[in-house]
Amino acid sequence: IKLNRGSVLVQGPGGWDYTPQVVSLAQLMMDPFYRTYLGFMLLIEKDWISFGHKFATRIGHAVKKSSNKQSPVFLQFLDCTWQLMQQYPTAFQFNERFLIFLADSSQNCKFGTFLVNNEQQREARNLSTRTVSVWTYAFIPRQQAKFTNPLYTECNEVLFASSSTKAIRL
């Protein structure tokens, strides 16, 4: 895409869950801005939260008991990001502690960011005034320092992820 200056239309079978995952990973690999602390936050805001990923349904906040609509799609995205970080340890400004913090925050209901399925629900519940955003906490200087990769070196290259079983870390 980047090398040949092409464009792509991405739509998964249901069009909902895996589209942000694929699009986000492609942007992480092609655009070094999204490998920065601010860029990763904007990527999640843009392609997950504003896109309308059903966090409440997929995580299970919206149901009282286990549902067949639950799916760890966002956690898969964070794990794929971690796999990229293992293959390119200096290319990301943030570290695995940041990914763990986001994974925990998506599950623990401490922040309003991941509580609902879409912007309409966010506004109807007045979450911007009733809860704290995960980003407010993440951008506190001492937290940001904990989440910063000390090995980070700005890399403007496209990342080519290896899917070889030897490259995958468990």
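Helices here are DSSP runs of at least four residues, numbered from the N terminus, and that numbering gives us handy landmarks for a walk through this predicted model. With it, we can place Cys109 in the loop between H5 and H6.

Let's stay with Cys109 for a moment, since its backbone deserves a look. Most residues other than glycine have a negative phi. Cys109 is not a glycine, yet its phi is positive, at about 65°. How exposed is Cys109? Its relative accessibility is 39%, and because partly exposed covers the range between 20% and 50%, Cys109 counts as partly exposed.

Step back by one residue and you reach Asn108, which belongs to helix H5, residues 96-108. Asn108 has 33% relative accessibility, so it too falls in the partly exposed class. Which residue can we pair with Asn108 across the fold? Try Ile59: the two are 49 residues apart in sequence, while their C-alpha atoms are 10.0 Å apart in space.

Now move along the chain to the loop between H6 and H7, where you will find Asn126. Here again a residue other than glycine has a positive phi, in this case near 55°. The relative accessibility of Asn126 is 38%, and therefore Asn126 counts as partly exposed.

The helices on either side of that loop bring us to the largest pocket, which holds about 190 Å³ of space. There are 14 residues lining this pocket, and those closest to its centre are Gly112, Thr113, Arg122, Leu127 and Ser128. Which helices supply at least two residues each to the lining? They are helix H2 (37-49), helix H6 (119-124) and helix H7 (127-130). H6 gives the largest share, with three residues. If you are wondering about the chemistry of the lining, it is mixed: six residues are polar, four are nonpolar and four are charged.

Finally, turn to the surface and look for Tyr18, a residue of helix H1, which spans residues 18-30. Tyr18 is partly exposed, because its relative accessibility is 40%. What does Tyr18 form together with Val8, Val10 and Val22? These four residues make up a nonpolar patch on the surface, and their accessible area together is about 330 Å². A residue joins such a patch only with over 30% relative accessible area, and Tyr18, at 40%, is therefore past that cut-off.

Conventions. Residues numbered from 1 in each chain as written. Predicted model: local features only at pLDDT ≥ 70, side-chain atom pairs only at ≥ 80, totals over all residues. Heavy atoms only, no water. Patch = residues over 30% accessible without salt bridge, like charges linked within 9 Å, V, L, I, M, F, W, Y side chains within 5 Å. Areas by Shrake-Rupley, 256 points an atom, 1.4 Å probe, with all protein chains shown as cover. Salt bridge = Lys/Arg side-chain N within 4 Å of Asp/Glu carboxyl O. Buried < 20%, exposed > 50% of the residue type's maximum accessible area, 1.4 Å probe, protein only. 1 Å grid on protein atoms, 1.4 Å probe; cavity = no way out; pocket = protein on both sides within 12 Å on 5 of 7 lines; lining within 4 Å. Points joined across faces, edges and corners; volume = space filled by probe spheres on them. Nonpolar A, V, L, I, M, F, W, Y, C, P; charged D, E, K, R; others polar.
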